[in-house]
Amino acid sequence: GRDWSYVTLLSVYVLLGVGRATYEGTLRAVFADFFPSEKEGAFANIILFTGTASTLGYVLSVTGALECQEVSKYCMEYSDGSIHNVLVMELVIIAMAIIAVPAFWRAVWMFRKEQNHNIQNHGD
């Protein structure tokens, strides 16, 4: 909003940049390691998932699915005067982050299992 100082805005953008740089590099490196012979498909999946998430966020925000009647703790007024429920988006983000941890562990387990299988087959 209008009451944000330059220091606050700069801090938000710096944290966003650091987070995105960390996420982008690490994600691509993990995908390259996990899919060494299928990198094009792996990177295409990254684009598919990020595009789907962006589309879902956009659709939820413009269709009125998140609109509220009055300003409250989780219903914030945007600069255009519309009032949106930010709790829903926060809960979706938190749920996806929680699901991502065991999904990553499962992916690591599957990757190591496949590596061990390949070593055993080529060792004979």
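**Note on the predicted model: disulfide, overall form and helix α1**

1. Cysteine 75 has a relative accessible area of 10% and is therefore buried. Its partner, cysteine 68, is also classed as buried, at 15% relative accessible area. The cut-off behind both assignments is under 20%. A disulfide joins cysteine 68 to cysteine 75, with an S to S distance of 2.1 Å. The link is left-handed, with -60° about the S-S bond. A search of the whole structure returns one disulfide. It should be kept in mind that the model is predicted.

2. The secondary structure comprises three helices and two strands. Read from the N terminus, the order of elements is α-α-β-β-α.

3. The overall dimensions deserve comment. The radius of gyration of the protein is 20 Å, whereas a compact globule of 124 residues would have a value near 14 Å. The C-alpha trace spans about 70 × 35 × 25 Å along its principal axes. Of the 124 residues, 13% count as buried.

4. Contacts and surface complete the global description. Among contacts between residues at least 6 apart in sequence, 17% join residues at least 24 apart. The exposed area of the protein is about 10,200 Å², and carbon and sulfur atoms supply 65% of that area.

5. The count of salt bridges is two. In one of them, the side chains of arginine 20 and glutamate 24 meet at 3.5 Å, N to O. Glutamate 24 also forms a salt bridge with arginine 28, where the closest N and O atoms are 2.6 Å apart. Arg20, Glu24 and Arg28 are thus linked in a network of salt bridges.

6. The spacing of these residues may be noted. Arginine 20 and glutamate 24 both lie in helix α1, four residues apart, about one turn of the helix. Arginine 28 and glutamate 24 are likewise both in helix α1 and four residues apart. As to accessibility, glutamate 24 counts as partly exposed because its relative accessibility is 22%. Arginine 28 is partly exposed, at 33%, while arginine 20 is exposed, at 54%.

7. A nonpolar surface patch of about 700 Å² is formed by Trp4, Tyr6, Leu9, Val12, Tyr13 and Leu16. Of these residues, tyrosine 6 lies in helix α1, which covers residues 6–34. Tyrosine 6 has a relative accessibility of 75%, so it counts as exposed; the threshold for that class is over 50%.

Notes
Residues are numbered from 1 along each chain as its sequence is written. This is a predicted model: local features need pLDDT of at least 70, side-chain atom pairs count only at pLDDT 80 or more; totals for chains, interfaces and linings use all residues. Side-chain values use heavy atoms; hydrogens and water are left out. Patches are made of residues with over 30% relative accessible area and no salt bridge: like charges are joined within 9 Å, nonpolar side chains (Val, Leu, Ile, Met, Phe, Trp, Tyr) within 5 Å. Accessible areas come from the Shrake-Rupley method with a 1.4 Å probe; for residues, only the protein chains shown count as cover. A salt bridge is a side-chain nitrogen of Lys or Arg within 4 Å of a carboxyl oxygen of Asp or Glu. Buried means under 20% relative accessible area, exposed over 50%, partly exposed in between (1.4 Å probe, protein chains only). A disulfide is a pair of cysteine sulfur atoms within 2.5 Å. The radius of gyration is taken over C-alpha atoms; the globule rule is 2.2 Å times the number of residues to the power 0.38. Contact means heavy atoms within 4.5 Å.
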